[in-house]
Amino acid sequence: QVQLVESGGGSVQAGGSLRLSCAASGTTYSPNTMGWFRQAPGKEREGVAAIKVGGGSTYYADSVKGRFTISQDNAKNTVYLQMNSLEPEDTAIYYCAADYGLNAGLEYGLIQPADFGYWGQGTQVTVSS
């Protein structure tokens, strides 16, 4: 059973930075795609960034392009989300997710929750103004 554990959340002032980590365990098979999502109170879960584990291609939501960077360390089965220039609008619970399928959404540049089958428990990120 795939297990994903996020860490690195916290509170920061606007303009600050945080780095989230997601460690995967429970299987010898690497996922095809890893992603980061976030969900703010009263809002739907939205895709933030994704990375193709094999080729390293990355995808970002328009709202975070140029500020967030997704990366991976395959030796550690870990994915990172470096978040810079944080804004109060980035406040949310951030979730790591894994996909072992074809991830059709990324063919259209879409990071969709429905394309990911495994999820972490989430980590809170709070950005104050």
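**Arg38 and a four-stranded sheet**

Arg38 lies in strand β4, which spans residues 33–39. The model is predicted. Two topics follow: the surroundings of Arg38, and an open sheet formed by 4 strands.

**Arg38 and its surroundings**

- Arg38 has a relative accessible area of 6% and therefore counts as buried, the cut-off being under 20%.
- The side chain of Arg38 is in polar contact with the side chain of Glu46, at 2.6 Å.
- A polar contact also links the side chains of Arg38 and Asp90, here at 2.9 Å.
- Leaving aside residues up to four places away in sequence, Arg38 touches Glu44, Arg45, Glu46, Val48, Ser63 and Val64, among others.
- The residues touched by Arg38 also include Phe68, Glu89, Asp90, Ala92, Ile93 and Tyr94.
- Glu46 and Asp90 thus appear in the contact list of Arg38, and each has a side chain in polar contact with that of Arg38.

**The open sheet**

- The strand order in the sheet is β1-β3-β8-β7, with antiparallel pairing.
- Strands β1 (3–7) and β7 (68–73) are the edge strands, each pairing on one side only.
- On average, neighbouring strands of this sheet are turned by 15 degrees against each other, direction ignored.

**The β3–β8 pair**

- Strand β3 covers residues 18–25 and strand β8 covers residues 78–83.
- These two strands, β3 and β8, pair in the antiparallel sense over 6 bridges.
- Leu20 stands opposite Leu81, a residue of β8.

Technical notes
Residues numbered from 1 in each chain as written. Predicted model: local features only at pLDDT ≥ 70, side-chain atom pairs only at ≥ 80, totals over all residues. Heavy atoms only, no water. Buried < 20%, exposed > 50% of the residue type's maximum accessible area, 1.4 Å probe, protein only. Polar contact = N/O pair within 3.5 Å; in protein donor to acceptor, adjacent residues only side chain to side chain. Contact = heavy atoms within 4.5 Å. Pairing = 2+ DSSP bridges. Axes fitted to C-alpha atoms, helices over the stretch in contact; angles between N-to-C directions.
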